[in-house]
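Hi,

Here is the structure I promised to pass on. Have a look at it first, and then read on for what turned up.

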Amino acid sequence: MTLDLKNHLAMRGNPCRHYLGFKFNGGSECARGRNLRRLFYKKYGNEAIGYLLKTPCNGSPEPFCNCPDIDVRTDAEVAEKAAKDDAATDKFVALLPKIQKIKAAMIEDGKAAAIYICPNCFAKTLHVRCNIGGNKHVHGGCSECKFGFLE
Ligand SMILES: [Zn+2]
């Protein structure tokens with residue numbers, strides 16, 4: 001399997017600083033208190049689709065409204081964040097074989113949670129959970145170096 005995470009992450013865009021992300025349970029999606037989905041449905045009706053493509057917060061070419069408070073990051077800030085994301089992706093890909101060994105051991109032992117040696121800082125502070133009764137995904141985080149993952 002080829003991992004093409006960087007190309008996938010290249011779709012990340014440059015959302016407005018006030019945008020708080022999609023909220024599955026409703027509520028404000030904007031730090032300025034705007035309920036964007038409510039505004040979208042008010043304009044197009046409750047059955048409308050395409051909200052995420054038309055929100056003004058993410059630089060949509062066809063925004064459903066014009067926001068007077070749009071505040072996107074500068075090119076330098078975007079480049080800095082992209083470099084940081086790429087470094088995190090590189091680290092994850094480099095450590096993935098060790099994460100997969102942990103996952104295989106948890107599945108073999110039937111463990112849903114355990115503490116392992118962190119493949120990043122080598123302290124025994126990597127807290128890992130495995131969806132042992134379900135899809136076997138693992139997620140974890142190191143309380144020492146803050147490395148985290150979902151696989
Ligand atoms: Zn660590």
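One cut-off before anything else, as it comes up below: a residue counts as buried if 20 or more other C-beta atoms lie within 10 Å of its own, as exposed if 12 or fewer do, and as partly exposed in between. Please also keep in mind that this is a predicted model.

Two loop residues show what the cut-off does. K136 sits in the loop between β2 and β3, and F122 is in the one between β1 and β2. K136 counts as partly exposed because it has 13 C-beta neighbours inside 10 Å. F122 has 12 such neighbours, so it counts as exposed. Their backbones deserve a look too: F122 is not a glycine, yet its phi is positive, at about 70 degrees. K136, again not a glycine, also has a positive phi of about 70 degrees.

Now the overall layout. The chain has 4 helices and 4 strands, and along the sequence they come as α-α-α-α-β-β-β-β. Of its 151 residues, 13% count as buried. If you take the contacts between residues at least 6 apart in sequence, 38% of them join residues at least 24 apart.

The 4 strands make an open sheet with antiparallel pairing, in the order β1-β2-β3-β4. At its edges are β1 and β4 (148–150), each with a single partner strand, so each has one side without a neighbour in the sheet. From one strand to the next, the twist averages 15 degrees.

Here is how the strands pair up, in case you want to trace them on screen:

- β1 (residues 113–116) and β2 run antiparallel and are joined by 4 bridges; I115 is opposite H127 of β2.
- β2 and β3 are antiparallel as well, with 5 bridges; L126 has C142 in β3 as its bridge partner.
- β3 and β4 are antiparallel with 3 bridges; here H139 stands opposite L150 in β4.

So which residues make up the largest nonpolar core? There are 10 of them: I99, I102, M106, C118, L126, V128, C130, V138, C142 and F149. Two or more residues each come from α4 (75–109), β2 (126–130) and β3 (138–142). A second core lies apart from that one and has 5 residues, including C16, Y19, L36 and C57. As background, nonpolar side chains tend to be buried together in soluble globular proteins.

β2 is a nice strand to click through, as its side chains alternate. L126, V128 and C130 point to one face and are buried, whereas H127 and R129 point to the other and are not. L126, V128 and C130 are also among the residues of the largest core.

As for the helix, α4 lies across β1, β2, β3 and β4, and it runs at about 60 degrees to β2. V138 is a good residue to select if you want to see helix and sheet together. Not counting neighbours within four places in sequence, V138 is in contact with I99, I102, K103 and M106, and also with V128, R129, C130 and E151.

If you open the model, I would start from V138 and its contacts, then move along β2 to see the two faces.

Cheers

Note on methods:
Residues are numbered from 1 along each chain as its sequence is written. This is a predicted model: local features need pLDDT of at least 70, side-chain atom pairs count only at pLDDT 80 or more; totals for chains, interfaces and linings use all residues. A nonpolar core is a set of buried Ala, Val, Leu, Ile, Met, Phe, Trp, Tyr and Cys residues joined through C-beta atoms within 7 Å. Two residues are in contact if their C-beta atoms, placed from the backbone, lie within 7 Å. Two strands pair if DSSP finds at least two bridges between them. Axes are lines fitted to C-alpha atoms, for helices over the stretch in contact, and angles run from 0 to 180 degrees between N-to-C directions.
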